[in-house]
Amino acid sequence: MKRFRRHGQESQRDRLKQELFQFNKTVEHGFPHQPSALGYSPSLQLLAIGTRSGAIKLYGAPGVEFMGLHDENAAVTQVHFLPCQVELVTLLDDNSLHMWTLRAHKGLSELLEIGRFTLTGPPGAPPSVTRVTAVLAHSSGELLLLGTEGGHVFVVEVPGFRELEERNISLDQVASSVPDDYIGRRNLEHVEALQENPVNPNQVVIGYGRGLMVIWDLERQCAVQHIPATQQLESVWWTEDGGYILSSHSDGSYCQWMVSGEDEDEEKSDIPYGHFPCKAISKIVQLPTEEGPPFLLFSGGMPRASYGDRHCITVIHSKTHVALDFTSRIIDFFTIRDGPQHTGDPSALVVLVEEELVVIDLQTEGWPVIQTPYLVPLHSSAITCSHHVSAIPLKLWERVIAAGELQNTHYSKKPWPITGGQNLAPDPPQRDLLLTGHEDGTVRFWDASGVCLYPMYKLSTAGVFHTDADPNDNMNQGTEGEWPPFRKVGCFDPYSDDPRLGVQKIHLCKYSGYLTIAGTAGQILVLELNDEAAEQTVEAKVVDLLQGQEGFRWKGHTRLDVREEPVLFPPGFQPFALVQCQPPAVVTALTLHSEWKLVAFGTSHGFGLYDYQQKNNVLIKCTLNPTDQLAMEGPLSRVKSIKKSLRQSFRRIRRSRVSLRKHHVHNAAKLQEANARLEAELAEMELAPVQRKIEARSSDDSFTGLVRTIYFADTFLSDSSHSTPSLWAGTNGGCVFAYMLRLPPVEHRAEEPVTAQPAKEIQLMHRAPVVGIVVLDGHGAPLPEPLEVAHDLARSPDMQGSHHLLVISEEQFKVFTLPKVSAKMKLKLTAVDGSRVRRVGVAWFGSNRSEDYGESGLVVLTNQGDVHVVSLPTVKMQVHYPCVRREDVSGIASCVFTKHGQGFYLISPSEFERFSLSTRCVVEPRCLVEVPLHPGSSNKHRPQPDGASSAHRYVPSVRVMEHALLNDESEYLRDEEL
Amino acid sequence: MNKNHRVPSNRSLSAVEVKSKFGAEFRRFSLDRSKPGRFDEFYGLLQHVHRIPNVELLVGYADVHGDLLPINNDDNYHKAISTASPLLRLFLQRKEEADYTFGTNSLTRKKNTVLSAVLLRPDPNRKKPPVIISLPRDFRPVSSIIDVDILPETHRRVRLYKHGQEKPLGFYIRDGSSVRVTPQGLEKVPGIFISRMVPGGLAESTGLLAVNDEVLEVNGIEVAGKSLDQVTDMMIANSHNLIITVKPANQRNNVVRSGGGGGGAASGSSGRSSDSGASYYGYSSHGGVGAPASMPSHIIQNFPVGELESDEDDEDLVIEAGGEAEPIRRASSNYSMPSLLRYEPHLNLRVAATSTSTSTLSINANGTLPASGSSGSLSNAISTTPSLDRAIERRSLEEDGTVITL
């Protein structure tokens, strides 16, 4: 690389780069993958979730969120906030305890790990002696009681983690006083539960695995009362008045014990779903109400044989008894209570299940679900594609919100009950939409303007087609008089009825409200936004992309059956036109031009142009190489049956797992062992040599005809004096096709046909797949979107100077002149560093120094997981940062870029990571959590879950968008300027 | 100069008798055996005596064994002069219409076979297939060893020319580990190795690459720290003109440089960065001058360095479809395959052209194409390819030529 540097210019450019570009991973949207622990601080009104990968996430009011990651790659098994403080303790799978705090720094809080601790036993003691199984954060805020597998309770001073050996409660001390007639006295087993007396902080109850509970006086260091339960203990709850202790057991029973100070043998046991053997009740909570009977909530306890695979929480209040049936395994739950001290009636039940967070309004009739403003499961059906639209006009925004609100009538009207912290982030500068396409044929619209990825509207395309939906699936829904009284809650439903419905490509025109959606079975729907419900037939048009190419046989799925009768579509986006490709291969490229009323699409066989005003095909072009047999094979036709069998085996696993549940030490050890074995196997696999063939690409390679990108441009295709509408398509084999389009004048648009004629064909010599095509105007700026100029939102492109064509292949960026196509400049990527372009977008970067300077650039994500910014129109590498792990193929494939230099990619099936390359456009959480004022006496309130009075709290509204809605459109005029 | 006189053979100690044949014409002259001059002077002389100043010629001579051998540089010209006894028979041809090949037995082949058939005597020459000597322009580079002067002797930089070649590149690479010399001693580091050769592939046929050779660089970029997939992609991206630097597993066939042996041998097994310096130093000290520019130039390089920089992949193909609008359906069906066939003649043309100056070859695909030879398409082609331009020029000259040689 010989390059003559002119020093002054170089450094000036470097400074400019610093003003334009910076890389930040800002926030994670969605639901944490594999949550493993839940904690809640009533005083802070903050919720904490720990995950299997060692992450800890805190959430309060919408926009208030913090994230921390343990250095150890171990699962978080427990999270406990220290009462009335901003500290929290996490227990990991590797038996280490970690102290975290929310420290205010420059007016913002940040989550910091401030200490770590591992219990050390006496020399020679087995590790089980110090293996922590139960944690109690004492209401004094100074003590941590740690129950272990060995049956001991260690007392540790916090936040410094100083062991107070003299206060430890050893198993021997307890065992000596156990009544002789207690059958389990020889082996009390591990400490299963630790609870503090709500009215007397000196008393704690220690529950042992074998069933025995001991009320211990911390002051006097002696047992006050023994509760001789005989069933394996699962959890313990001390009622608020301190008068009773509830215990739940592995046989599905719970017992209520009076706290009298004397040992009693009377066991008042109840098996709520009794007679036949039941599964364990893993957690039980009883909460009083001001008037009337208390709330009793417990998880599990279902009859083993008939409903052993359900994930249920039972809520009993007075005559109402509901078994809430969740979509996945229950991790933990807690309740939120009314009142300034959070000691009033329970207002909401918050349940963390493996795939979502469900909040139930306990004060509204029917206990409806409250819609969560964050932690929404993105993967309620697997995400198959995403599409980002920046700077949505207010009008469209409001209409989408209105359509969405009509869908959400079953949600509770109550505001979001978790309101901790203050969101100090500035209002988002514009309204951004993220559209996610899903496997079940739905498209979800998310408000991606701010820190909270808020669900706005859900669109289903399945209604257009006849699907072989399993009618039995809906039969399970609660029949009258069913026992237990199930009620399904939650929205996680990963099972798609028909994989052909999967959404593969989305394109939304934000100005006209036209939307096009393409799917797995070659279907392309054109939809328009309608505020009224409408009953209409969707006109289907079959497009034969083979165009007489012979000798092929499609072995994949058939195309979807269209409903011929009119279908009632709810308000929102309603389909009015449908194109079905033949062969029905997955649609690989899609674009819509709302001004010309055209939709262009491509598959592995060719591409087509559809006029959605006249509802007919304008152009069909087969790109198939006659020798390419593989393209005809289609996806495996077994896909569907595999899915079904997967579904069954998942259910089997789930069934068998439920009995194995819990954090028991043996299991953890076994898991570690299995992990080690797996690692060894993986290492061995890596030793086997992997070979790669070095061969030049040829036109005979498979899938060379696959259309990777399709693009509309008004440019100089044939002569340099008249610009014409044009269509561009790029294939996997490095070929670019250009067609000149002839549109009838507007007044005859409905009658006269649109025509397309071939104009150019470019075969790139390096034959790498073409992943992007952009036409640059006379100033070197990318052409604006259709209607953008008409809406005065972009400066009209320079049509005087000569236009340039930028072809982005996986390996190179190449600029050609127009109308005569000759190479002008290029940037090689693969030949230089071996990385290939995976995702590409055009973005505008504003300078953080001067308000009016900015430039357009290409944002590129490579197969190595690096993001690059490439300047336009000079195609020079500007900056590059590592972004995604290179092994994370699905993360790289899921990446979408915004028009302002941000991006999203999936870090798990349920979470988007948001990143920013721009100095000006950064959306990140900025929030403050203040230390609650500590009341003098701690006797007055429930010490453990319910804390002290909270500080003065600013409660922001659920809608972060309010301000943005009022913002002036014209402020964003500069977006497309260069 | 026009010395067409016959000279007795026994007097020809100092002069060489030359009989030159071009078409049906003969010219005779003599040359001084002790001062033959240079080839280009000789070539000029031939053009002069035959009065064909602008015709490009192929010069061949019949050697003592009756083989037709080429004269196209100083070396074989001098050889021809020195072996002429006493007559030097020359055969001249227009370059573009050469119809006979150089090689052993090329002139006497027919006679020999007749003779041997008559005499029924086993001819030792018959067993050996005749050696054919092709002209440089008939060669296509397949591979070369380059940069011998700047690389340590333990390394080899091989250039594979895939371009315009039907043979597959044909090799596989794998991960492996190699040993490097570092200040801390020997260190095991990951490396990329050639794992397999495809029989009959380009890589195998060159003989310059072998299984277990360690790949150090691809087109000048070090592969250290890059994954197997990255290196694969780099090689494929450069496949039209692939330059790979290897450390051959078999170090016995290395290029041995005079005087540099000591340094090179010592660094035989060490790492690249350390030993390139060592051997380089050893070499230049023997040469007596430190500056790399003054190194002796026994470089094994078949092609000028400038060609390395050439970007052959720039030659993307653009097909312009202009003219009348056709019905779209028909256009789309008859556009894809026939058009591919149509531009084939141009492809051939471009391969033959030695210096295509335009980086993008534009071919007008409206109407008829050069294959049909219509004037319209010809003029199109002229504007794009200078070599074709020259060819046409030649054709017109040839016509003149026939007039001259009457």
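**Figure 1. The WD repeat annotated at residues 429-447 of chain A.** The structure is a predicted model. UniProt, in an unreviewed entry, places the feature "repeat: WD" at residues 429-447 of chain A. Over these residues the chain is 63% strand and 0% helix. The C-alpha atoms at the two ends of the segment are 13 Å apart.

**Figure 2. The segment of chain A annotated as "domain: Lethal giant larvae homologue".** The UniProt record, an unreviewed entry, lists residues 270-368 of chain A for this feature. The chain is 51% strand and 4% helix over residues 270-368 of chain A, with 28 Å between the end C-alpha atoms. His275(A) has a positive phi, near 60°, although this residue is not a glycine. His275(A) is placed in the loop that links strand 21 (268-270) to strand 22 (281-287) of chain A.

**Figure 3. Surroundings of His321(A) in strand 25 of chain A.** Strand 25, which holds His321(A), covers residues 320-326 of chain A. Apart from neighbours within four places in sequence, His321(A) is in contact with Tyr273(A), Thr314(A), Val315(A), Ile316(A), Trp483(A) and Pro485(A). With Tyr273(A) there is a polar contact between side chains, at 2.9 Å. Leu297(A) is 24 residues away from His321(A) along the chain, and the C-alpha atoms of the two are separated by 9.8 Å.

**Figure 4. A salt bridge between two loops of chain A.** Arg131(A) and Asp93(A) form a salt bridge in which the closest N and O atoms are 3.8 Å apart. Arg131(A) sits in the loop between strand 9 (108-117) and strand 10 (132-137) of chain A, and Asp93(A) in the loop between strand 7 (87-92) and strand 8 (97-105) of chain A, so the pair ties together parts that are 38 residues apart in sequence. Over all chains, the structure holds 37 salt bridges.

**Figure 5. An open sheet of 4 strands in chain A.** The strand order is 10-11-12-13 (chain A), and the pairing is antiparallel. Strand 10 and strand 13 (162-163) of chain A each have a single partner strand and stand at the edges, so one side of each is left without a neighbour in the sheet. Strand 13 of chain A pairs with strand 12 (residues 153-157) of chain A over 2 bridges in the antiparallel sense. Val156(A) has Glu163(A), in strand 13 of chain A, as its bridge partner.

**Figure 6. The hairpin of strand 60 and strand 61 of chain A.** Strand 60 (residues 866-871) and strand 61 (residues 877-882) of chain A run antiparallel and are joined by 5 bridges. Val870(A) stands opposite Met877(A), a residue of strand 61 of chain A. There are 5 residues between the strands of this hairpin, and Val875(A) takes a positive phi near 40°. Pro873(A) is also placed in the loop between strand 60 and strand 61 of chain A. The peptide bond that joins Leu872(A) and Pro873(A) is cis, with omega about 0°.

**Figure 7. A cis peptide bond before Pro583(A).** Omega is near 0° for the bond from Gln582(A) to Pro583(A). Pro583(A) lies in the loop between strand 44 (572-582) and strand 45 (589-593) of chain A.

**Figure 8. The interface of chain B with chain A.** In this interface, 52 residues of chain B are in contact with 48 residues of chain A. The two chains bury about 4,300 Å² between them, and 50% of this area is on carbon and sulfur atoms. Between chain B and chain A there are 3 salt bridges. One of them joins the side chains of Asp233(B) and Arg836(A), at 3.5 Å from N to O. There are also 12 residue pairs in polar contact between the two chains, counting pairs with both residues at pLDDT 80 or more. On the side of chain B that touches chain A, the elements giving two or more residues are strand 10 (171-182), strand 11 (185-197), helix 6 (228-237), strand 15 (317-320) and helix 10 (328-342) of chain B. Helix 6 of chain B gives the most, with 9 residues. By residue class, this side of chain B divides into 21 nonpolar, 13 polar and 18 charged residues.

**Figure 9. Strand pairing between chain A and chain B.** Strand 49 (residues 691-694) of chain A and strand 10 of chain B run antiparallel, joined by 4 bridges. Gln691(A) stands opposite Arg174(B), which belongs to strand 10 of chain B.

**Figure 10. The PB1 domain annotated in chain B.** UniProt, in an unreviewed entry, places "domain: PB1" at residues 15-95 of chain B. The chain is 42% strand and 27% helix over residues 15-95 of chain B, and the end C-alpha atoms are 29 Å apart.

Notes: Residues numbered from 1 in each chain as written. Chains lettered and ligands numbered in written order. Predicted model: local features only at pLDDT ≥ 70, side-chain atom pairs only at ≥ 80, totals over all residues. Heavy atoms only, no water. UniProt positions renumbered as here; feature names shortened; annotations may be inferred. Contact = heavy atoms within 4.5 Å. Buried area = accessible area lost by both parts, 1.4 Å probe. Salt bridge = Lys/Arg side-chain N within 4 Å of Asp/Glu carboxyl O. Polar contact = N/O pair within 3.5 Å; in protein donor to acceptor, adjacent residues only side chain to side chain. Nonpolar A, V, L, I, M, F, W, Y, C, P; charged D, E, K, R; others polar. Pairing = 2+ DSSP bridges.
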